[in-house]
Amino acid sequence: MSRASVRAWYLVHKWTSLACTLFLLMLCVTGLPLIFHDEIDAALGEAPTMVGSGSSGEGPGLLPLDTMVAKALEARPGEVPLFMAFDNESPLLTVTTGPSPEAPADRMTIQLFNRSTGMPAGTAGEGGVMDVILQLHTDMFLGLFGMLFLGAMGLLFVVALVSGVVLYGPFMRKLDFGTLRVSRSRRLKWLDYHNLLGIVAFAWMLVVGSTGVINALATPILKIWQMNELAEMTRAYQGRAPLPPSRYGSLDRAMAEARRALPGNNPQFIAFPGGAFSSKHHYAVFFQGATPLTERLLTPALIDAETGTLTDARPMPWYTQALTLSQPLHFGDYGGLPLKLLWAALTLFTTVVLGSGVYLWLGRRRAPLDQRVREVESGGRLTPVPAE
Amino acid sequence: MIRSSWALPLLIAAASIVGLVAALTGDGWRDALSWAGLAVPVAATAWAMRVRRS
């Protein structure tokens, strides 16, 4: 690689890293406990344990959905239902309500129920410490702006990763893989750690970084789906006034109709009219795929919320599927505790890469650029000397 | 030692990707494969810290 191109990549690496490092450090620190949110919630006694057949099924002993909605509204008088979510393994069922069909996320209340007994099991997201951490990690309490901002930081992180790997080539030209020269100088030690941890964790950081960017784009992605595919599926309803909640029909009838349209699959959640996941006139019943491989790929059946008849059922387009697949790949919660522990280890690696990067920059930022480029090319043999 | 600077990094990246994807496609042995795949970058670091420190 020519010196000019090493120099160009060095500058790309330096500036993209510097711009995002502080936020990435925050994301690592908040992300670490979030990996274990299930375990932490259980330890804090905030996660109800229920035994019985999955609330997404049709098994005997499961209460009607209309009953569950009525129970949720009884606890939140005057509110309207927004979402209902199911579980495949236990009778846990959540009902989200809000003051109006278009209520923003921070005005929503998520109630947990046991669909076998009908007993309430608390509410989710009540400002506990894990909720604060999650909010910091998602949008820093700045709403859509915060989300998009962190998405932009994630994009810079991805560019920093790629440029870092490009620089790894000339740096390692005369070095064996895994070289850690810890006894010569502190700078050389951290330079070697920066390169080693950066290269071994590269694929993981790239995937977690880019799926984080996709997750940060959730709001615009759903908007695009609403304006295109969803609008096309519900064309006949265009121009009609929104359906008032007082005219919502039976949810059980709607679910039966949806199951007829997509037999053999289990619902993951129902979006009520007016929210980001439905039209203003439909219950959108989102079904999971039938096999483990397709379980995360959702297909909505749109049921007229008033009459309970099917309007349309189509698989989600590629860009919302990308969003759905990005969630597990970002959270690391899809392969049991060992996967979470590895996720945590790689998060720590990332933190060290970020921290050592700042240290390396701070130490020699006054040295001439040429010398800093030569340090990379020489595998750290030539140390830049700060100008007086 | 392997001459190319890229041989081991490519292997580690490939193992990581297999690890990331395997558990998405199902449970059981796919979970185990995913632990094995993502253990590779961690193991490589542990190896370097034992063997390559100088």
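**Exercise 1. Salt bridges between the ends of chain A**

Which residue forms a salt bridge with Arg7(A), and how far apart are the closest N and O atoms? Work it out on the model, which is a predicted one, then look at where the partners sit.

*Solution.*

Step 1. Start from the side chain of Arg7(A) and look for a carboxylate. You land on Asp370(A), with 3.3 Å between the closest N and O atoms. The cut-off for a salt bridge here is 4 Å, so the pair counts.

Step 2. Place both partners. Asp370(A) belongs to helix H12 of chain A and Arg7(A) to helix H1, so this is a link between distant parts of the chain, 363 residues apart.

Step 3. Check how open the two residues are. Asp370(A) comes out partly exposed at 34% relative accessible area, and Arg7(A) is partly exposed too, at 33%.

Step 4. Now try Glu377(A). Glu377(A) pairs with Arg3(A), and their closest N and O atoms are 2.9 Å apart. Glu377(A) lies in H12 (residues 369-377) and Arg3(A) in H1 (residues 3-35), so this salt bridge ties together parts that are 374 residues apart in sequence. Here the accessibilities fall in two classes: Glu377(A) is buried at 16%, while Arg3(A) is partly exposed at 38%.

**Exercise 2. Other salt bridges**

How many salt bridges does a search of the whole structure find over all chains? Pick out a pair and a network in chain A.

*Solution.*

Step 1. The total over all chains is 13. As a reminder, side chains of opposite charge can pair when their charged atoms come close.

Step 2. For the pair, take Glu79(A) and Arg76(A), with N and O atoms as close as 3.2 Å. Glu79(A) is buried, with 15% relative accessible area, whereas Arg76(A) is partly exposed at 31%.

Step 3. For the network, go to Asp38(A), Glu39(A) and Lys340(A), which salt bridges link together.

**Exercise 3. The surroundings of Gln111(A)**

Is Gln111(A) buried or exposed? Find a polar partner for its side chain.

*Solution.*

Step 1. Locate the residue: Gln111(A) is part of strand E3, residues 109-114 of chain A.

Step 2. Read off the accessibility. Gln111(A) has 6% relative accessibility and so counts as buried.

Step 3. Look for an N or O atom close to the side chain. The backbone oxygen of Ala72(A) is 2.9 Å from one of the polar atoms of the Gln111(A) side chain.

Step 4. Widen the view, skipping neighbours within four places in sequence. The contacts of Gln111(A) include Ala72(A), Ala75(A), Leu93(A), Val95(A) and Gly122(A). Arg76(A), the salt-bridge partner of Glu79(A), is also among the contacts of Gln111(A).

**Exercise 4. The buried side of helix H4**

Which residues of helix H4 of chain A are buried, and what do they pack against?

*Solution.*

Step 1. Go along residues 129-139. Met130(A), Ile133(A), His137(A) and Asp139(A) are buried.

Step 2. Recall the helix geometry: an α-helix has 3.6 residues a turn, so residues three or four places apart point the same way.

Step 3. Find the packing partners. The buried residues of H4(A) sit against H1, H2 (37-43), H5 and H10 of chain A.

Step 4. Look just past the helix. Met140(A) follows H4(A) and has a positive phi, near 50 degrees.

**Exercise 5. Chain B and its interface with chain A**

How many residues of chain A are in contact with chain B, and which element of chain A gives the largest share?

*Solution.*

Step 1. Get a picture of chain B. Chain B has 2 helices and 0 strands, and its C-alpha atoms fill a box of roughly 40 × 20 × 10 Å. The radius of gyration is 13 Å, against near 10 Å for a compact globule of 54 residues. Of the residues in chain B, 37% count as buried.

Step 2. Count contacts: 35 residues of chain A touch 30 residues of chain B. In chain A, Phe177(A), Tyr334(A) and Leu342(A) lose the most area to chain B, together 21% of what that side buries.

Step 3. Take the area as a whole. The two chains bury about 2,800 Å² between them, 73% of it on carbon and sulfur atoms.

Step 4. Turn to the polar part. The interface has 7 residue pairs in polar contact and 1 salt bridge. Arg52(B) and Asp176(A) form a salt bridge at 3.8 Å, N to O.

Step 5. Sort the chain A side by element. Helices H5, H6, H7, H10 and H11 of chain A each give two or more residues, and the largest share, 7 residues, is from H11(A). By type, the residues on this side are 26 nonpolar, 5 polar and 4 charged.

Note on methods. Residues numbered from 1 in each chain as written. Chains lettered and ligands numbered in written order. Predicted model: local features only at pLDDT ≥ 70, side-chain atom pairs only at ≥ 80, totals over all residues. Heavy atoms only, no water. Contact = heavy atoms within 4.5 Å. Buried area = accessible area lost by both parts, 1.4 Å probe. Polar contact = N/O pair within 3.5 Å; in protein donor to acceptor, adjacent residues only side chain to side chain. Helix = DSSP H or I, 4+ residues; strand = E, 2+ residues; numbered from the N terminus. Nonpolar A, V, L, I, M, F, W, Y, C, P; charged D, E, K, R; others polar. Buried < 20%, exposed > 50% of the residue type's maximum accessible area, 1.4 Å probe, protein only. Rg over C-alpha atoms; globule rule 2.2 N^0.38 Å.
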